[in-house]
Number of protein chains: 2
Amino acid sequence: MNQTIETLLSHRSIRKFEDRALSGEQIRTIVESAQAASTSSFIQAYSIIGIKNPETKKKLAELAGNQPYVEENGHFFVFCADLHRHDVLAEMEGVTIDESLESTEKFMVAVIDAALAAQNAVIAAESMGLGAVYIGGLRNSLKEVSELLKTPQRVLPLFGLAVGYPAQNPDKKPRIHFEHVYHEDVYETDENVYKKELKEYNELISEYYRERTSGKRSDTWTGQMASMLSKPTRMYMKEFTETKGFNKR
Amino acid sequence: MNQTIETLLSHRSIRKFEDRALSGEQIRTIVESAQAASTSSFIQAYSIIGIKNPETKKKLAELAGNQPYVEENGHFFVFCADLHRHDVLAEMEGVTIDESLESTEKFMVAVIDAALAAQNAVIAAESMGLGAVYIGGLRNSLKEVSELLKTPQRVLPLFGLAVGYPAQNPDKKPRIHFEHVYHEDVYETDENVYKKELKEYNELISEYYRERTSGKRSDTWTGQMASMLSKPTRMYMKEFTETKGFNKR
């Protein structure tokens, strides 16, 4: 196993950081690594906002549901789907491209572009001995986040990324079995096999919690998910993406 | 610079591979690396289909617009947004979670989950000396791709990934300048600065093409994008995502 794969396989989200800011050079390396990721047809449909201002970080932490590590970290990045750049270039080139930019297809392209870049940023950070955690909580309040970061039309903040020197060493959480996630040639169509795999995974996850809570907790994965998904959240998102000029047609 | 960052920064898409299949062990390492990526609230909302059947590869190559490297590679992966797993667990747990699963929010979560996993797969492959290229062309014909791969309701193939032993050594394509992609505290709101940066990037890209075509080609980036985006493509996507049970409310 090479060093890079070791980095990939030992990923855990880090939610407690030392009080030590990243250097400008570290930030630049992380962003340049993000930029090196593939981009659909060279469209480069994302932007990254790095937050230095402590007031802005504090407000983002509140908006994300009072997660302290949004405020306390080595650096905080916000990854955005970005087709504003393409609105500006359309003006420069004298063409009309609204139909393309407003499509669900281009919305997906921009979201995927941003996610590929973000994952490169995480790997770069981890390879330097730093830790990181994605902050989907920004999507609790995208209107307020957009106003705070002054993102224009056709820019959609997707998630934050807190990076820093780890001050905790959590265990890796076991993923669904390889066989359940990886299909060969066609998707697994035997419902019995499929359910059996989920039940096996439940046993693994229950054991994981039992061991770490002296038997007090023994949640299954399907139970956790059923409970989480029974409460619909962020149901404003469809309308909000459309208001921002995405996912309209 | 460490080995991992070197791998990240030297990424180029590889579109020509040796006639040499990946081993089962290589495939497993790539998929396990993908699985180690972060997943939103542990939801694990993606699946990967590995294509071995030469007939299936041939059909996918046709559907993706006759790209030969979809057929000729070391292995071909299809990354899917997947909330079918959660439909099944809802049945197992006796809960109703359609409202959550049909939301644009969960559509975004599944697309992001799949993209983070895919980017880990690319980095794992590249760290082993392999090359890779994303195949967005699968989205030309998602109905046919879904039928071919027998993906059920709430599974959406997003893109392919061809991996293999590189048989070409293309140059790196310069990305938009760091300063244009990376904003500090707030998004760049000065339109003049913004346009100046795009014009500077145009010069870089023109130079890149001139050098490689003995001056025959000197496209700008904004020109390329204006031309590409003037022709709306895959406009069936909004309806298709909804038909598959995503992005509905």
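Two strands are counted as paired if DSSP finds at least two bridges between them. In this predicted model, that rule is met across the chain boundary: strand β1 of chain A, residues 46-51, and strand β5 of chain B, residues 182-184, run parallel and are joined over 3 bridges. Within this pairing, A:Gly50 lies opposite B:Glu184, a residue of β5(B).

The strand pairing is one part of the contact between the two chains. Chain A contributes 123 residues to the contact, and chain B contributes 123 residues. About 10500 Å² is buried between chain B and chain A, and carbon and sulfur atoms account for 64% of that area.

Polar and charged pairs also cross the interface. Between chain B and chain A there are 60 residue pairs in polar contact, counting pairs with both residues at pLDDT 80 or more. On the chain B side, the element that gives the most to the surface touching chain A is helix α7, residues 104-127, with 15 residues. Sorted by type, the chain B residues on that side comprise 57 nonpolar, 40 polar and 26 charged.

Side chains of opposite charge can pair when their charged atoms come close. The model has 40 salt bridges over all chains, and the count between chain B and chain A is 10. One salt bridge joins A:Arg139 to B:Glu105, with an N to O distance of 2.9 Å. This pair runs between chains: A:Arg139 sits in the loop between β3 (131-135) and α8 (142-149) of chain A, while B:Glu105 belongs to helix α7 of chain B. Another salt bridge links B:Glu179 with A:Arg28, and here the closest N and O atoms are 3.5 Å apart.

Chain A itself is divided into two parts. Domain 1 covers 3-169 and domain 2 covers 178-218. Taken over C-alpha atoms, the centres of domain 1 and domain 2 of chain A are separated by 31 Å.

Definitions and conventions: Residues are numbered from 1 along each chain as its sequence is written. Chains are lettered from A and ligands numbered from 1 in the order in which they are written. This is a predicted model: local features need pLDDT of at least 70, side-chain atom pairs count only at pLDDT 80 or more; totals for chains, interfaces and linings use all residues. Side-chain values use heavy atoms; hydrogens and water are left out. Contact means heavy atoms within 4.5 Å. Buried area is the accessible area (1.4 Å probe) that two parts lose on being put together, summed over both. A salt bridge is a side-chain nitrogen of Lys or Arg within 4 Å of a carboxyl oxygen of Asp or Glu. A polar contact is a pair of N or O atoms within 3.5 Å; within protein, one must be able to donate a hydrogen and the other to accept it, and residues adjacent in sequence count only if both atoms are side-chain atoms. Helices (H or I, at least four residues) and strands (E, at least two) are DSSP runs, numbered from the N terminus. Ala, Val, Leu, Ile, Met, Phe, Trp, Tyr, Cys and Pro count as nonpolar, Asp, Glu, Lys and Arg as charged, and the others, Gly among them, as polar. Domain bounds come from an automatic or database domain assignment.
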